[in-house]
Amino acid sequence: MKKIFNVNGMSCGHCVKSIKDSVGKLTGVINVEVILSEGKVNVEYDNNTVSSVEIMDVIEEQGYDVK
């Protein structure tokens with residue numbers, strides 16, 4: 001499954017790395033792409049293993065707002 005998350009608060013390369021690293025560590029996440037200029041995070045994942053809510057929670061734990 002692929003999902004695009006709208007994320008507010010990202011402003012630099014550190015933000016990109018923080019999100020890619022934290023989301024990428026979740027079991028079931030296949031790919032994470034952060035588009036800083038658009039405030040979007042594209043995640044490809046196995047929805048039998050991890051849910052979109054879990055992904056959102058991890059992004060929010062890094063200090064960002066997810067819509």
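Me: Which residue in β3 is the bridge partner of Asn 31?

Reply: In this predicted model, Asn 31 has Glu 44 as its bridge partner in β3. Glu 44 turns up again with β1, as the bridge partner of Lys 2.

Me: What makes β2 and β3 a pair of strands, and in which sense do they run?

Reply: Pairing calls for at least two bridges, and β2 and β3 are joined by 6, so they count as paired. They run antiparallel. The hairpin they form has 4 residues between the strands, and Gly 39 has a positive phi there, near 65°.

Me: How do you know that β1 pairs with β4, and what about β1 with β3?

Reply: Strand β1 (residues 2–8) and β4 have 2 bridges, and the cut-off is at least two, so they pair. The sense is antiparallel, and Asn 8 has Asp 65 as its bridge partner in β4. As for β1 and β3, 5 bridges join them, again antiparallel, so that pair passes too.

Me: What is the strand order, and why are β2 and β4 called edge strands?

Reply: The order is β2-β3-β1-β4 in an open sheet of 4 strands, with antiparallel pairing. β2 (29–35) and β4 (65–66) each have a single partner strand, so one side of each has no neighbour in the sheet, and that puts them at the edges.

Me: Now the helices. Why is α1 called oblique to α2?

Reply: Helix α1 (residues 13–24) and helix α2 (residues 52–61) pack at about 140°, with their axes 9 Å apart. Roughly antiparallel needs an angle over 145, and roughly perpendicular covers 65 to 115. An angle of about 140° fits neither class, so α1 is oblique to α2. As for handedness, α1 passes α2 in a right-handed crossing.

Me: Which residues meet there, and what makes the contact 5 nonpolar and 1 polar?

Reply: From α1 come Ile 19, Ser 22 and Val 23, and from α2 come Ile 55, Val 58 and Ile 59. By class that is 5 nonpolar, 1 polar and no charged residues. Val and Ile count as nonpolar, while Ser is not on the nonpolar or charged list, so Ser 22 is the polar one.

Me: Where do the helices sit on the sheet?

Reply: α1 lies across β1, β2 and β3 (40–45), running at about 165° to β2. α2 packs on the sheet as well, touching β1, β2, β3 and β4, and its direction makes about 30° with that of β1.

Me: Why is Val 7 called buried?

Reply: Its relative accessible area is 3%, and buried means under 20%, so Val 7 qualifies. Val 7 is in strand β1. Beyond four places in sequence, Val 7 touches Ile 19, Gly 39, Val 41, Ile 59, Tyr 64, Asp 65 and Val 66. For a distance, the C-alpha atoms of Val 7 and Leu 26 are separated by 18 Å, with their positions 19 residues apart along the chain.

Me: And how do you know that Asn 42 and Ser 18 are buried?

Reply: Against that cut-off of under 20%, Asn 42 comes in at 18%, so Asn 42 is buried. With 14%, Ser 18 is buried too. Asn 42 lies in strand β3, while Ser 18 lies in helix α1.

Me: What do Asn 42 and Ser 18 touch?

Reply: Leaving out residues up to four places away in sequence, Asn 42 touches Lys 3, Ile 4, Asn 31, Val 32, Glu 33 and Ile 35. Asn 42 and Ile 4 are 38 residues apart in sequence, yet 4.5 Å apart C-alpha to C-alpha. By the same kind of count, Ser 18 touches Gln 62 and Tyr 64.

Me: Last one: where is Gly 28, and what is in contact with Gly 28?

Reply: Gly 28 is in the loop between α1 and β2. Setting aside neighbours within four places in sequence, its contacts are Glu 44, Tyr 45, Asp 46, Thr 49 and Val 50. From Gly 28 to Val 53, 25 residues along the chain, the C-alpha separation is 13 Å.

Conventions:
Residues numbered from 1 in each chain as written. Predicted model: local features only at pLDDT ≥ 70, side-chain atom pairs only at ≥ 80, totals over all residues. Heavy atoms only, no water. Axes fitted to C-alpha atoms, helices over the stretch in contact; angles between N-to-C directions. Parallel < 35°, antiparallel > 145°, perpendicular 65-115°, else oblique. Left-handed = near helix turned anticlockwise from the far one by under 90°. Contact = heavy atoms within 4.5 Å. Buried < 20%, exposed > 50% of the residue type's maximum accessible area, 1.4 Å probe, protein only.
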